[in-house]
Amino acid sequence: MVWGNWTIVNEFVLVSFSALPPELKILLFLLFLIIYFVTFMGNVLIILVTTADSALHSPMYFFLKNLSFLEISFNIVIVPKMLSTLVTKDTTISFLGCATQMYFFFFFGAAECCLLATMAYDRYVAICDPLRYPVLMDQKACIQLAAASWFSGFPVATVQTTWIFSFPFCGPNRVNHFFCDSPPVIALVCADTSLFELEALTATVLFILFPFLLILGSYVRILSTIFRMPSAEGKHKAFSTCSSHLVVVSLFYSTAILTYFRPRSNTSPENKKLLSLFYTVVTPMLNPIIYSLRNSEVKAALQRTLRKAIISQRL
């Protein structure tokens with residue numbers, strides 16, 4: 001459709017992994033389907049265990065439960081459409097569908113960055129100020145911090161998505177990615193996007209880099225406190241309570257920062273797709289595995305929950 005001098009685009013084509021041979025695309029489909037299933041089941045298991053087991057009714061596991069909800073939601077936004085582009089010839093996504101996918105990608109992505117920072121603050125208070133921990137991290141404070149983390153995704157998702165899809169699109173509608181991310185979509189705009197790109201950089205600093213710096217500052221204080229502890233047992237116990245979170249943060253932020261802070265000239269579209277796979281597909285699967293394998297309390301709670309389930313079935 002043409003309106004004035006502009007071509008009105010009512011759908012986009014996700015290039016995804018179209019350059020790969022059909023046999024490899026089928027293998028990728030099976031691999032990503034297994035990852036999607038493991039991600040969903042693993043995070044649901046974390047939610048069920050942290051809810052059912054009273055020993056895990058603490059701020060750390062309350063935030064972990066919220067993280068699992070976020071990971072499930074994040075995966076649902078990205079993976080089903082990506083799977084369909086691997087096995088079907090129709091890789092189109094409607095204009096509204098692309099906008100919706102981008103909105104919730106921004107929403108859950110910003111919320112996860114802020115929630116990871118909140119979890120780091122929780123560990124900071126627990127280790128560096130343990131006497132005031134019950135007061136500073138009471139139930140009301142935890143709910144407020146979790147709600148603030150979730151709400152943080154609203155302004156960035158609303159402003160970014162509304163702004164991008166108010167631009168004119170001139171006709172080329174091939175999005176060189178497996179989902180509707182901002183850079184490949186904005187590349188199709190036929191208008192001056194310099195002001196938007198400045199706003200997008202500001203939002204990226206606020207919602208990716210700033211939470212990362214807060215996490216970094218928290219862990220500098222945490223490690224400083226741990227090293228000053230007199231007993232080796234105390235050091236081990238303190239470090240074990242935050243090691244899982246530190247691994248998750250490292251996985252998530254390393255790929256996100258490489259994706260959004262590298263100069264465009266240094267990042268090919270294929271490399272960016274590969275990096276995006278880590279924080280959209282792989283990391284959500286690894287989170288419940290890391291927390292269950294590296295955390296003795298979660299492993300013990302899983303065993304208690306399984307025993308209860310087996311006993312109830314026998315009765």
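By about how many degrees does helix H9 bend, and at which residue? In this predicted model, H9 bends by about 40°, and the bend falls at Cys242.

**View 1. The length of helix H9 (residues 232-260).** With 29 residues at 1.5 Å a residue, H9 should span 42 Å, and because its end C-alpha atoms are 40 Å apart, the expected and modelled values agree. The bend of about 40° at Cys242 belongs to this helix as well.

**View 2. Buried residues of helix H9.** Cys242, the residue at the bend, is buried, and so are its neighbours in the sequence Ser243, Ser244 and His245. Further buried residues of H9 include Ala238, Val248, Val249, Phe252, Tyr253, Thr255, Ala256 and Thr259. As a guide to reading such a list, an α-helix has 3.6 residues a turn, so residues three or four places apart point the same way.

**View 3. Strand E3 (residues 11-14) and its pairing with E4 and E5.** Strand E3 runs antiparallel to strand E4 (residues 92-94), to which three bridges join it, whereas its pairing with strand E5 (residues 174-175) is parallel and has two bridges. Val13 can be followed in both pairings, since this residue of the model stands opposite Thr92 in E4 and opposite Arg174 in E5.

**View 4. Two spans that UniProt annotates as "transmembrane region".** The unreviewed UniProt entry places this feature at several stretches, among them residues 62-83 and 142-165. In the model, residues 62-83 are 100% helix and 0% strand, with end C-alpha atoms 31 Å apart. Residues 142-165 are 92% helix and 0% strand, and their end C-alpha atoms lie 36 Å apart.

Terms used: Residues are numbered from 1 along each chain as its sequence is written. This is a predicted model: local features need pLDDT of at least 70, side-chain atom pairs count only at pLDDT 80 or more; totals for chains, interfaces and linings use all residues. Side-chain values use heavy atoms; hydrogens and water are left out. Helices (H or I, at least four residues) and strands (E, at least two) are DSSP runs, numbered from the N terminus. The expected span of a helix is 1.5 Å times one less than its number of residues. The bend at a residue is the angle between axes fitted to the seven residues ending there and the seven starting there. Buried means under 20% relative accessible area, exposed over 50%, partly exposed in between (1.4 Å probe, protein chains only). Two strands pair if DSSP finds at least two bridges between them. UniProt positions are given in the numbering used here, feature names are shortened, and annotations may be inferred rather than shown by experiment.
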